[in-house]
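Hi,

Here's the structure I promised to pass along. Have a look at it first, and then my notes below should make sense.

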Amino acid sequence: MTTLNPQQRAAVRYIDGPLLVLAGAGSGKTSVITRKIAWLIEECGYEARHIAAVTFTNKAAREMKERAAQLLKDRSAKGLTVSTFHNLGLNIIRSSASLLGRKSGFSIFDADDSQVLLKELMLRGDDLDPDLLDMVKHQISAWKNELLSPQQVMGQAENAREVAMAHLYERYQQALKTYNAVDFDDLILLPVELFQTHPEVLEKWRRRIRYLLVDEYQDTNLAQYRLVKLLVEPRRRLTVVGDDDQSIYAWRGARPENLVQLQEDFPELQIIKLEQNYRSTARILRSANHLIDHNPHVFSKSLWSELGLGDPIRIIRSPNEEAECERVVNEILDLRLKRRCQFRDFAVLYRGNHQARLLEMKLQAQGVPYQMSGGTSFFARQEIKDLLGYLRLIINPDDDNAFLRIINTPRRQIGPSTLEKVAEYANQREISLLKAIGEFGLQSQLGEQPWDHLQRFKHWFEGIVRQCSGDNPIDAIHRLLDDIDYASWLHQNASSARVAENRMANVLLLVDQLRNSLARMDDDDDNAMESAISKLLLRDLMERQEEESADDKVHLMTLHSAKGLEFPHVFMIGMEEGLLPHRVSIDENNIEEERRLAYVGVTRAQRTLTLTLTASRKQFGETFQTIPSRFIDELPEADIEREGFGESNEETRRTRARESLDALKDLFA
DNA sequence: CATCGTATAGTTTTT
DNA sequence: CTATACGATG
């Protein structure tokens with residue numbers, strides 16, 4: 001076990017009141033949290049089940065849980081809560097679902113589900129232009145994160161559009177309730193509402209959670225802050241760890257000012273700074289400090305390290321994005337040999353997920369194993385959404401969204417016109433679609449064929465549901481896939497057999513994860529299936545799978561998902577104006593957050609850091625000249641090494657040769 | 001009701 | 001340029 005430095009030790013041992021730990025990048029904040037958990041249990045007499053640690057990502061939660069369990073030598077870790085905000089919220093909601101107008105088995109709508117629902121409501125309402133969908137969904141989410149109810153929003157609406165949006169918000173919330181569903185924002189919002197309206201429930205949770213630790217505190221939004229505050233009052237046994245320089249979720253409602261707010265709300269707040277970095281070389285750290293110095297600061301800190309000077313930061317400019325990706329791959333292969341390190345020691349970070357596509361191609365071309373985390377996730381895939389649709393409907397017959405998703409997948413000769421009538425009938429009777437197709441009152445509304453098709457589906461589905469509530473739900477799901485001949489359906493729709501098989505493999509993987517998840521749960525849990533599916537919907541399980549199979553592979557991920565991680569060798573690609581900082585952020589004047597994003601990227605690196613960019617980039621078929629990111633100019637000149645910038649004859653010639661070669665390639669392609 | 005075609009839009013991050 | 005959405009046709 002490593003020894004803690006004096007600041008870390010103080011942070012672990014201070015338990016007399018609320019504590020804010022300002023932890024710079026790589027300063028060992030996870031150690032502080034896990035060691036504090038152990039300290040509370042071993043030295044302060046807390047039982048594990050009375051301690052909760054909350055983070056933002058599943059990944060962080062898992063790592064923390066693992067490290068805590070290690071420290072406690074799997075003795076007393078049982079009952080310890082280490083989870084994401086959303087997961088904690090889910091558990092709170094589940095324990096009092098009926099008070100919130102939900103029944104057990106309620107669905108969790110993801111961003112797509114919410115969008116589908118909102119669109120539907122907008123089309124039906126027709127007082128809002130459907131083109132505003134993007135704006136509206138963002139607005140509603142923002143309201144929820146600000147804990148504003150539809151009524152409150154209505155009260156402060158200033159024009160017709162705002163009234164219409166407030167109205168839509170209300171209908172949206174009502175629809176979720178009708179569908180027995182909650183969306184991601186509700187996972188925080190509803191617990192707060194619950195606590196505010198049912199003090200006895202709050203009291204129960206306060207007795208349960210007697211010490212609360214919050215990680216990445218700078219990412220909390222108002223709703224999350226309120227939840228924390230409700231839980232820790234009046235005893236105020238709270239430790240939060242954060243770094244305002246790593247706040248990169250303002251767009252999601254995160255408020256770094258919560259760090260300051262904390263001081264006002266808890267005047268007795270103690271603050272401890274962790275400034276020693278245990279991760280990066282001096283050059284990397286100096287670059288990071290230099291970069292972030294261009295931002296204003298609430299709390300100033302200066303990171304230092306004892307790990308030696310290290311290599312200069314390399315900045316490589318390539319003629320175009322293809323060359324850029326090829327170059328990165330070559331650098332990885334090269335470094336791997338020179339430094340005798342493994343593929344897993346490398347990470348390539350980028351601003352947007354789409355940047356990974358080309359990279360993937362080039363990695364594949366060279367046979368370099370890689371792993372993309374986060375990515376255009378698993379859950380955006382058709383096949384996964386199909387299966388989740390079925391699963392959701394099995395545990396929640398009111399989930400009309402799920403019903404609509406799967407009713408005609410694969411084809412059951414049940415089309416839009418039929419569904420229109422079903423929906424109308426269901427609406428009038430105020431029942432769910434699934435229920436509606438079982439009622440004879442509907443029969444007269446439909447032709448003979450559509451009715452028969454619906455009945456066949458209904459009987460079949462009821463059989464599946466019945467089998468699912470039996471001893472072996474996994475068998476039931478396999479039967480389901482068998483019955484609908486899903487493999488054939490995929491083959492029919494895919495461009496190639498390979499793609500189809502891949503998709504089927506994804507589906508089976510998901511089922512397998514579900515089985516594992518069920519096996520891990522208590523046998524006496526009646527709601528095991530529901531819990532397991534919730535886990536799926538909160539996107540926990542598949543990531544877990546990724547990690548467990550993460551052997552020796554290069555890591556590919558966005559700058560956002562890289563937060564909290566570290567790698568010996570880091571590449572940041574696309575260091576151009578418009579990409580990082582992103583165009584939208586430039587337009588909206590959010591340069592500071594982009595800079596923090598760059599800072600997060602830089603501080604992931606332990607040994608070497610390479611930034612790459614292109615001279616020109618293709619966009620919508622046209623080629624544009626690019627401008628190097630302003631952040632490059634914000635690095636200390638003494639610590640960087642540029643390549644591809646000089647306009648030496650030699651390089652220009654090579655570039656030209658390269659370009660004409662590419663042009664030729666295009667010509668023949 | 002399904003399939004095929006054309007038109008059009010699209011710039012970012014996540015639980 | 002590509003992915004998706006919508007509309008026309010079979």
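A residue counts as near the strand here if one of its heavy atoms lies within 4 Å of it. Keep in mind that this is a predicted model.

On that basis, DNA strand B is surrounded by 28 residues, and the closest are Arg351, Asn353, Gly415, Ser417 and Thr418. Of the strand's atoms that come within 4 Å of the protein, 51% belong to sugar and phosphate. The surface near DNA strand B breaks down into 16 polar, seven nonpolar and five charged residues. Helices H18 (416–429), H26 (559–562) and H27 (583–587) each supply at least two residues to that surface, and H27 gives the most, with three.

Some polar contacts to look at:
- Arg351: a side-chain N or O atom is 2.6 Å from a base oxygen of DNA strand B.
- His86: a polar side-chain atom sits 2.9 Å from a base oxygen of the strand.
- His582: here the partner is a sugar or linking oxygen of DNA strand B, at 3.2 Å.

Now the backbone. The Leu580 to Pro581 peptide bond is cis, with omega near 5 degrees, and Pro581 is in the loop between strand E15 (567–572) and H27. Another cis bond runs from Glu233 to Pro234, with omega near -5 degrees; Pro234 is in the loop between helix H11 (222–232) and strand E7 (238–242).

Two non-glycine residues have positive phi. Asn180, at about 55 degrees, lies in the loop between helix H8 (160–178) and strand E5 (181–183) and is buried, with a relative accessible area of 2%. Asp485, at about 50 degrees, is in the loop between helices H21 (473–483) and H22 (486–493) and is partly exposed, at 41%.

Cheers

Note on methods: Residues numbered from 1 in each chain as written. Chains lettered and ligands numbered in written order. Predicted model: local features only at pLDDT ≥ 70, side-chain atom pairs only at ≥ 80, totals over all residues. Heavy atoms only, no water. Polar contact = N/O pair within 3.5 Å; in protein donor to acceptor, adjacent residues only side chain to side chain. Helix = DSSP H or I, 4+ residues; strand = E, 2+ residues; numbered from the N terminus. Nonpolar A, V, L, I, M, F, W, Y, C, P; charged D, E, K, R; others polar. Buried < 20%, exposed > 50% of the residue type's maximum accessible area, 1.4 Å probe, protein only.
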